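Q: Please take a close look at one stretch of this chain, the part built from a strand and a helix that comes soon after. I am new to the structure, so begin with the whole and end with the other places worth a visit.

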Amino acid sequence: MDRIVHSIYESWVPHVYLIGGEPSLLGVRQLNEYIELLAQRSSVTIVTNGVRNLIDLSNKLACIGVPLHGDEGVHERHTRRFGGYKQTIRTIESYVAAGFDVRCIPVLTAWNYDQIYNIIAKAHQLGMESVFVDRFEDGGLGSQSSTELKPSLEQFKVALSQMIRARDDFGIAVGFGTAIPYCLDNRLLSERMTANCGVGITFAAINPDGDVRICNQSEIIYGNILDEPIQKIWAKSQLDEFRKLSWVTEPCLSCPVVTDCLCGCKVDCSCSTGFCIDYAIRENPNLRQPIVNRLPEPLDLPETFTTEYRRLVPDTFTKLNSFHAEVYLVTRYQTIQLDELTARIIQHIITQAECDEAELIAAFLDFVSEPEIRSLVSKLIAVNALKAV
């Protein structure tokens, strides 16, 4: 595991999740070593069940994901751990009190689809920063109870209704953490609740032996990070079998948004050695293609700026990553590709503890107009790369 972490550090991967299994079993000292190393180049998130409260975690940690699967009885039915609910609540309270961004990550199943509103309400009450719902995917230990756990299309729609209502009632960020086909419900588009999956494009999974797969559900191994760096594995022609979408079948093949939706989740127990369209589409052949007027933009950023010049401070988690062929801005939750001039402007800001906007404009006025620079600053503030003080 030490070698895996160091390999990821050497490859400048923008965002790293330490996930499970259960990473808290490593203990605070070992986790902090990994966090402190990786955070020099990456935004680091831990996903934990919350049964162990990790005291004195490094403040370099960008986010902690902890699941609440429902009320006490429903949560413990999912986790199979009696008494675990109260401990998880205490752990969440401890992390929030310590100043961490704590995200609620429930798994949507047939057991809790009607409790999603209450889960989000509880997350909001506890001070969690967002709720990202992971729809149950048929894999791992869950596959042993797949017929019980898998939510029906009707149950999914009930859960989506509760997500939208809770988002509006509590003003907390709510979305899906797993890929959802757009055709399951047109509200996914109209309410900006879409979620597609970056497997094989922006996302990969590495198991404890170093094997690299496009996701934790897939059984296809493309290389081992202990033998070659991940950027070399990522460039292998074998991955084209996935990226070229030659595996896509109807009804997705003729869908107008297939290259955006990407067929929902592409791997489950029925096709773990290959790729397939989402199980919800396979099991509901009468689904209609989504009504699309305009696909949601990935980022809806402001163009406006204040009349007064701002004093700019880089966020703690803001980094520039120029290791790869492209230059990236890395924030707590996002990776944004930059052109050369934008990267130079951001580098100018980052290298100073504080930067006056008027001074920034003067430094780059020969290359770009004042309104363009000020608009860029507004966008950087919107994505939490900068703070205006």
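A: Start with a term. The radius of gyration is taken over C-alpha atoms, and the rule for a globule is 2.2 Å times the number of residues to the power 0.38. The model itself is predicted. For 389 residues, a compact globule would have a radius of gyration near 21 Å; this chain has 22 Å, so the two agree. Along the principal axes, the C-alpha atoms fill a box of roughly 65 × 50 × 50 Å.

Now the contents. The chain has 15 helices and 16 strands. Buried residues account for 51% of the 389. Take the contacts between residues at least 6 apart in sequence: 67% of them join residues at least 24 apart. The exposed area of the chain is about 18,900 Å², and carbon and sulfur atoms supply 50% of it. Charges come as 36 positive and 49 negative, and their mean positions are 3 Å apart.

Next, the close look. It begins at strand S3, which covers residues 63-66. Which way do its residues point? Cys63 and Gly65 point one way. Ile64 and Val66 point the other way. All four are buried. Buried means under 20% relative accessible area.

S3 has strand partners. Strand S2, residues 43-47, runs parallel to S3, and three bridges join them. Thr45 has Cys63 in S3 as its bridge partner. Strand S4, residues 102-104, also runs parallel to S3, again over three bridges. There Val66 stands opposite Cys104. So follow the two named ends of S3: Cys63 is the bridge partner of Thr45, and Val66 faces Cys104 of S4.

Move along the chain to helix H3, residues 72-79. Its buried residues are Val74, His75, Glu76 and His78. A general point helps in reading such a list. An α-helix has 3.6 residues a turn, so residues three or four places apart point the same way. What covers the buried residues of H3? The cover includes helix H4 (84-97), strand S5 (107-108) and helix H6 (146-149).

After H3 comes Arg80. Arg80 sits in the loop between H3 and H4. Its phi is positive, about 60°, although Arg80 is not a glycine. Is Arg80 buried or exposed? Arg80 has a relative accessible area of 62%, so it counts as exposed. Buried residues inside H3 thus give way to an exposed residue in the loop that follows.

Trp12 makes a useful companion to Arg80. Trp12 also has a positive phi, near 55°, and is not a glycine. It lies in the loop between helix H1 (2-10) and S1. Its relative accessible area is 22%, which means that Trp12 is partly exposed.

Two peptide bonds deserve a stop. The bond from Gly20 to Gly21 is cis, with omega near -10°. Gly21 is in the loop between strand S1 (15-18) and helix H2 (28-38). The bond joining Glu250 and Pro251 is cis too, and omega is about 10°. Pro251 belongs to the loop between helix H10 (240-243) and helix H11 (258-261).

Another loop holds Pro290. This proline lies between helix H12 (279-283) and S11. Its relative accessibility is 8%, so Pro290 counts as buried. Which residues does Pro290 touch, leaving out those up to four places away in sequence? They are Tyr182, Cys183, Asn186, Leu189, Cys255 and Val257. Pro290 and Pro181 are 109 residues apart in sequence, yet 9.3 Å apart in space from C-alpha to C-alpha.

Last come two sheets. Strands S15, S11 and S16 form an open sheet in the order S15-S11-S16, with antiparallel pairing. Strand S15 (355-356) and strand S16 (386-388) are the edges; each has a single partner strand, so one side of each is left without a neighbour in the sheet. S11, residues 311-314, pairs with S16 over three bridges. Pro314 has Leu386 as its bridge partner in S16.

The other open sheet also has three strands, in the order S8-S9-S10, and its pairing is antiparallel. Strand S8 (205-206) and strand S10 (223-224) are its edges, each pairing on one side only. Two bridges join S9, residues 211-213, to S10. Asp211 has Asn224 as its bridge partner there.

Methods:
Residues are numbered from 1 along each chain as its sequence is written. This is a predicted model: local features need pLDDT of at least 70, side-chain atom pairs count only at pLDDT 80 or more; totals for chains, interfaces and linings use all residues. Side-chain values use heavy atoms; hydrogens and water are left out. Buried means under 20% relative accessible area, exposed over 50%, partly exposed in between (1.4 Å probe, protein chains only). Contact means heavy atoms within 4.5 Å. Accessible areas come from the Shrake-Rupley method with a 1.4 Å probe; for residues, only the protein chains shown count as cover. Lys and Arg count as positive and Asp and Glu as negative; His and the chain ends are not counted. The place of a charge is taken as NZ of Lys, CZ of Arg, CG of Asp or CD of Glu. Two strands pair if DSSP finds at least two bridges between them.
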